[in-house]
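Biologist: I am new to this structure and would like to look closely at one part of it. Please take a single residue as the starting point and work outwards from there.

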Amino acid sequence: VEETLVLVKPDGVARNLTGEILRRIEAKGYQLVDIKLVEADLDLLAAHYEEHQGKPFYEPLVEFMMSGPVVALRIAGNRSIEGFRALAGTTDPTTAAAGTIRGDLGRDWGLRVQQNLVHGSDSPESAARELALWF
Ligand code: GTP
Ligand code: MG
């Protein structure tokens, strides 16, 4: 089985959507292996979002991710990396497909960073790297 890192971002925690998001993950058949409430600091987020450093949305993104606690989930399942990203939907919640977490529950308030509820690792390499960072 493949493991992936899922984060319920601060907007998801603040809107009491952690349970709903975990419900969708479990309903898909994925196994919850570990779970943790984290107040992420700058070092952790700089490492997590290494690939986005220097992009215009990087600083507001990191600020947003420090605006409240995040729930980190270690999830296991057959092709869970690609499968969870399909469950999550595309990055921009305003156009994410209905039936996805971001499409059904995500909002866009016209802020500089999309508050898109969740993060999911995008490759086996990033899953290994990110799981080691958060757990
Ligand atoms: P994650 O699962 O959170 O990594 O989402 P993703 O893989 O769909 O997006 P990506 O890794 O490209 O970007 C990480 C996060 O930065 C996104 O989830 C958004 O919150 C934010 N972001 C990415 N691209 C943009 C953009 O073009 N504009 C703005 N405002 N925010 C962005
Ligand atoms: Mg990403």
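Which residues does Val118 touch, not counting residues up to four places away in sequence?

Modeller: This is a predicted model, and within it Val118 touches Val6, Leu7, Val8, Lys9, Gly12, Ile21, Ala88 and Ile101, once residues up to four places away in sequence are not counted. Val118 belongs to the largest nonpolar core, which has 25 residues, and together with Val6 it touches the most other members of that core. The elements that give two or more residues to this core are β1 (2-8), α2 (18-27), α4 (58-65), β3 (70-77), α5 (80-88), α6 (101-105) and α7 (124-134), and the largest share, five residues, comes from β3. As a general background, nonpolar side chains in soluble globular proteins tend to be buried together.

Beside Val118 in the sequence stands Leu117, whose place is in the loop between α6 and β4 (118-120). Leu117 counts as buried because it has 27 C-beta neighbours inside 10 Å, where 20 or more are needed. The phi of Leu117 is near 70 degrees, a positive value in a residue other than glycine. A positive phi, of about 60 degrees, is also found at Asn16, which is not a glycine either. Asn16 lies in the loop between α1 (10-14) and α2, but there the surroundings are sparse enough for Asn16 to count as exposed, with 8 other C-beta atoms within 10 Å.

Leu117 also leads to Arg102, a residue of helix α6, since Arg102 touches Ala88, Gly89, Thr90, Pro93, Ala96, Asn116 and Leu117 when residues up to four places away in sequence are not counted. Arg102 is buried, with 24 other C-beta atoms within 10 Å. In an unreviewed entry, UniProt lists Arg102 under "binding site", along with Lys9, Phe57, Arg85, Thr91 and Asn116. Of these listed positions, Lys9 is among the residues that Val118 touches, and Asn116 is among those that Arg102 touches. Arg85, another listed position, is found in helix α5 and counts as partly exposed, with 19 C-beta neighbours inside 10 Å. Leaving aside its neighbours within four places in sequence, Arg85 is in contact with Gly120 and Asp122.

The last helix to consider here is α7, in which Ala127, Glu130 and Trp134 are buried. These three residues lie on the same side of α7, because they cover an arc of only 75 degrees around the axis. In general, an α-helix has 3.6 residues a turn, so residues three or four places apart point the same way. The buried residues of α7 pack against β1, β2 (31-38), α3 (42-48), β3 and α5, while the face turned away from the buried side carries the exposed residues Glu125 and Ala132.

Stepping back to the whole protein chain, there are seven helices and four strands, and from the N terminus on the elements run β-α-α-β-α-α-β-α-α-β-α. The radius of gyration is 14 Å, close to the 14 Å that the globule rule gives for 135 residues, so the chain is as compact as a globular protein of that length. Its C-alpha trace spans about 35 × 30 × 25 Å along the principal axes, and 33% of the 135 residues count as buried. Among contacts with a separation of 6 or more, 69% are accounted for by residues 24 or more positions apart.

Conventions: Residues are numbered from 1 along each chain as its sequence is written. Chains are lettered from A and ligands numbered from 1 in the order in which they are written. This is a predicted model: local features need pLDDT of at least 70, side-chain atom pairs count only at pLDDT 80 or more; totals for chains, interfaces and linings use all residues. A nonpolar core is a set of buried Ala, Val, Leu, Ile, Met, Phe, Trp, Tyr and Cys residues joined through C-beta atoms within 7 Å. A residue is buried if 20 or more other C-beta atoms lie within 10 Å of its own, exposed if 12 or fewer, and partly exposed in between; C-beta atoms are placed from the backbone. Two residues are in contact if their C-beta atoms, placed from the backbone, lie within 7 Å. The radius of gyration is taken over C-alpha atoms; the globule rule is 2.2 Å times the number of residues to the power 0.38. The arc is that of the directions from the helix axis to the C-beta atoms. UniProt positions are given in the numbering used here, feature names are shortened, and annotations may be inferred rather than shown by experiment.
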